[in-house]
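Biologist: Please take one part of this model and look at it closely. Then say how that part sits in the rest of the chain.

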Amino acid sequence: MSKIDLSVNIGGGLILDNPITTASGTFSPRESSEFYDLNELGAMITKGIANVPWEGNPTPRIAETYGGMINSVGLQNPGVDYFIEHELPFAKQFNTKVIANVAGRSIEDYCEVVEKLSETDVDALEVNISCPNVKKGGIGFGVQCDLAGSVVKEVRRVSKKPLIIKLSPNVTDITEIAKAVEAEGADAISLINTLLGMKIDVHRMRPVIANKMGGFSGPAIKPVAVRMVYQVRRAVNVPIIGLGGIMTGEDAAEFILAGADAISVGTAALVNPTAPVDIKRELVEYMERYGFKNLAELRGALNE
């Protein structure tokens, strides 16, 4: 039995037993529970939840590419009412925290979902500000400081739960966005969401996915994600959940050394369904090897 203390406070008083969470969009409690014990997770982060059902984008909408994958699923989901009635009760059977990911096409959409989820027993909310703002011609909420800040300000006003804001990497300066959401009341920040990518079939001479471009994830984006976590850690004081290409325990350690308090596992679980618990075990082995007794020691160990 390991004596390492893996517990971590990820903001708003929310304490996880360990730093391993699932990245939104790649995790289903019902399906994943067939492969491993969900009680092993620090938290499960749900797929994006909107105020009404979203159909998602046309197919094909997923493509494997070098070092990762591109997806343009379009945040397909059955809506917040369905989630509360059918999905949340199943997730709450487990002794792990449930963090609901929130999506929206307008600030009003976000607030409606946040208000409804605030009356449930979810443990926290992760607000995805990479969504396109339909009132601003489709520009992502997370690419401008004023738009990002305005979302956080309004959802903070109606939320009774800790707020984690998920940042888009498709920006000029990630630290300015991070500071803007911290100033408006974010309890924590998660980063990075997917990079914008594209794949072309050179034999058919056409884009591989119907939406032409999509979110690029997987191990190829890890250096970008580590760099952004490092920069944001030095710009804000709130906890950080790091994600982007984490495949092994050493990858998780790298993010924590860069300044992350917890990590999310996404694309890795599509390749290996037990990846989250495998990464947890490997992280413990790494910490034992180098004599770290807790995550704070690891986080402060970077030699610069």
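Modeller: Helix H7 is followed by Gly-259, and the phi of this glycine is positive, near 130°. This is a predicted model, and the angle, like the other values here, is computed from its atoms.

The helix before Gly-259 is mostly covered, with 8 of the 10 residues of H7 counting as buried. The buried residues of H7 are Gly-249, Asp-251, Ala-252, Ala-253, Phe-255, Ile-256, Leu-257 and Ala-258. Several elements take part in covering them: helix H6 (222-233), strand E15 (240-242), E16, H9 and H10 are among those that lie over the buried residues of H7. Two of these, H10 and H9, are worth following further.

Take H10 first. Glu-297 has its place in this helix. Its C-alpha atom is 9.9 Å from that of Ile-256, although the two residues are 41 apart along the chain. Ile-256 is one of the buried residues of H7, whereas Glu-297 is partly exposed, at a relative accessible area of 33%. Leaving aside residues up to four places away in sequence, Glu-297 touches Gly-291 and Phe-292.

H10 also has a charged link back to the stretch that follows H7. Asp-261 and Arg-299 form a salt bridge, with 3.5 Å between the closest N and O atoms. This pair connects distant parts of the chain: Asp-261 is in the loop between helix H7 (249-258) and strand E16 (262-265), Arg-299 is in helix H10 (residues 295-299), and 38 residues separate them. What is the relative accessibility of Asp-261? The value is 8%, and Asp-261 counts as buried because the limit for that class is under 20%. Arg-299 has a relative accessible area of 25% and is therefore partly exposed.

H9, which also helps to cover H7, carries a salt bridge within its own length. The side chains of Arg-281 and Glu-285 meet there, at 3.7 Å from N to O. These two residues are 4 apart in helix H9 (residues 275-290), so about one helical turn lies between them. Arg-281 is partly exposed at 42% relative accessibility, and Glu-285 is partly exposed at 39%. The pair does not stand alone: salt bridges with shared partners join Asp-278, Arg-281, Glu-282 and Glu-285 into one network.

For comparison, another pair is found in helix H5. Glu-176 and Lys-179 form a salt bridge whose closest N and O atoms are 3.1 Å apart. They are 3 residues apart in helix H5 (residues 174-183), so they too are separated by about one helical turn. Glu-176 is partly exposed, with a relative accessible area of 35%, and Lys-179 is partly exposed at 34%. A search of the whole structure finds 19 salt bridges. As for the charges in general, the mean position of the 30 positive ones is 3 Å from that of the 37 negative ones.

Some backbone features elsewhere in the chain can be set beside the positive phi of Gly-259. Leu-75 is not a glycine, yet its phi is also positive, at about 55°. It lies in the loop between strand E6 (68-71) and helix H2 (80-91) and is partly exposed, with a relative accessible area of 24%. Met-205, again a residue other than glycine, has a positive phi near 55°. Its place is in the loop between strand E12 (200-201) and strand E13 (206-207), and it is exposed at 67%.

Cis peptide bonds occur in other loops. One joins Thr-59 and Pro-60, with omega about -5°, and Pro-60 lies in the loop between strand E4 (43-45) and strand E5 (62-65). Another runs from Leu-191 to Ile-192, with omega near 10°, and Ile-192 is in the loop between strand E10 (188-191) and strand E11 (195-198).

Now the whole chain. The protein has 10 helices and 16 strands. Its radius of gyration is 18 Å, close to the 19 Å that the globule rule gives for 304 residues, so the protein is as compact as a globular protein of that length. The C-alpha trace spans about 50 × 50 × 40 Å along its principal axes. Of the 304 residues, 55% count as buried. The link between Asp-261 and Arg-299 joins distant parts of the chain; among contacts between residues at least 6 apart in sequence, 68% join residues at least 24 apart. The protein exposes about 13400 Å², of which carbon and sulfur atoms supply 51%.

Methods:
Residues are numbered from 1 along each chain as its sequence is written. This is a predicted model: local features need pLDDT of at least 70, side-chain atom pairs count only at pLDDT 80 or more; totals for chains, interfaces and linings use all residues. Side-chain values use heavy atoms; hydrogens and water are left out. The radius of gyration is taken over C-alpha atoms; the globule rule is 2.2 Å times the number of residues to the power 0.38. Buried means under 20% relative accessible area, exposed over 50%, partly exposed in between (1.4 Å probe, protein chains only). Contact means heavy atoms within 4.5 Å. Accessible areas come from the Shrake-Rupley method with a 1.4 Å probe; for residues, only the protein chains shown count as cover. Lys and Arg count as positive and Asp and Glu as negative; His and the chain ends are not counted. The place of a charge is taken as NZ of Lys, CZ of Arg, CG of Asp or CD of Glu. A salt bridge is a side-chain nitrogen of Lys or Arg within 4 Å of a carboxyl oxygen of Asp or Glu.
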